[in-house]
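Trainee: Could you take me through one part of this model closely, namely the aromatic rings and the helices around them? I would like one connected account.

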Amino acid sequence: MPRVSQDHLDARRRQILDGSRVCFARYGYEGATVRRLEEATGLSRGAIFHHFRDKESLFLALAEDDAVRMADIVAEQGLVQVMRELLSNRSEHPADWLGTRLEVSRRLRTDPEFRARWAERSHQLTAATRRRLLRQREAGILRDDVDVDVLTAYLELVLEGLVSHLAMGQPGDDLGPVLDLVEESVRRHRAHATGGTR
């Protein structure tokens with residue numbers, strides 16, 4: 001029997017995650033039945049669950065995949081850029097990412113077992129945000145009168161508020177200036193040569 005290459009396995013896993021993201025976003029966790037997952041991925045249940053133990057493991061892997069992608073953006077450009085991409089629809093799966101994020105939030109509120117499993121995986125974004133803020137502080141860009149942990153929590157709360165705003169169907173087209181204000185609020189403001197501040 002020929003051995004399946006790692007590239008083939010990785011591509012199949014990616015196919016499952018991408019199809020499942022659409023399915024979970026459209027139907028929610030409960031509504032994403034095995035049949036719907038099969039339709040969304042174009043694969044049989046045997047193929048899907050060869051890669052993932054069960055539906056919850058698949059959903060956790062998907063949520064973790066999104067968290068890793070967000071952490072990469074944070075490391076390079078900051079958490080506000082994640083929010084900008086969510087608003088601009090330039091991100092790879094904006095609506096589907098939002099659907100996954102909302103489903104994670106719902107399950108965290110209602111499912112203690114999921115909350116425990118997710119807690120092991122949820123620190124990546126916080127850690128990436130904190131590392132970037134520390135680098136910015138060392139570079140003299142970040143304000144130094146507020147603790148980095150407070151600034152991290154502040155930015156994460158803004159992200160959650162944005163997600164809730166979009167989840168309610170509110171428009172996001174006019175929120176660019178709001179995100180400019182958020183970004184400006186964490187920057188260090190230097191005194192002008194005259195000694196005054198503006």
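Mentor: Happy to; here is a walk from the overall fold to the rings and then to the helix contacts.

This is a predicted model, in which local features need pLDDT of at least 70 and side-chain atom pairs count only at pLDDT 80 or more, while totals for chains, interfaces and linings use all residues. Residues are numbered from 1 along each chain as its sequence is written, and side-chain values use heavy atoms, with hydrogens and water left out.

Let's set the scene. The chain has ten helices and zero strands; helices are DSSP runs of H or I with at least four residues, strands are E runs of at least two, and both are numbered from the N terminus. Of the 198 residues in the chain, 39% are buried (under 20% relative accessible area, with exposed meaning over 50% and partly exposed in between, using a 1.4 Å probe and protein chains only). Among contacts (heavy atoms within 4.5 Å) with a separation of 6 or more, 69% join residues 24 or more positions apart.

Now to the rings. Phe, Tyr and Trp rings (for Trp, the six-membered one) pair if their centres lie within 6.5 Å; planes under 30 degrees apart count as stacked, over 60 as edge-to-face and the rest as tilted. The count comes to five aromatic pairs by this rule. One of them is Y29 with F59, an edge-to-face pair with 5.6 Å from centre to centre and 75° between the planes. This pair links distant parts of the chain, since Y29 sits in helix α1 (residues 6-31) and F59 in helix α4, 30 residues apart. Both Y29 and F59 are buried. F114 and W118 are another pair, this one stacked, at 6.4 Å centre to centre with 5° between the planes. These two belong to helix α7 (residues 112-119), and because they are four residues apart there, about one helical turn separates them. F114 and W118 are buried too. Together, F24, Y29, F59, F114 and W118 form one aromatic cluster.

Charges also meet rings here. A charge sits over a ring if NZ of Lys or CZ of Arg is within 6 Å of the ring centre and within 35 degrees of the ring normal. The charged end of R107 sits over the ring of Y29, 3.7 Å from its centre, and R36 lies over the face of Y27, at 3.9 Å from the ring centre.

From W118 we can step to A67, a residue of helix α4. A67 touches W118 and Q124, leaving aside residues up to four places away in sequence. A67 counts as buried because its relative accessibility is 11%. Its C-alpha atom is separated by 7.5 Å from that of S122, 55 residues apart along the chain.

A67 also brings us to the packing of two helices. The axes of α4 (residues 55-77) and α8 (residues 123-138) come within 8 Å and cross at roughly 5° (axes are lines fitted to C-alpha atoms, for helices over the stretch in contact, and angles run from 0 to 180 degrees between N-to-C directions). That makes α4 roughly parallel to α8, a label for angles under 35 degrees, with over 145 being roughly antiparallel, 65 to 115 roughly perpendicular and the rest oblique. Residues making the contact include A67, V68 and A71 of α4 and Q124, L125 and A128 of α8.
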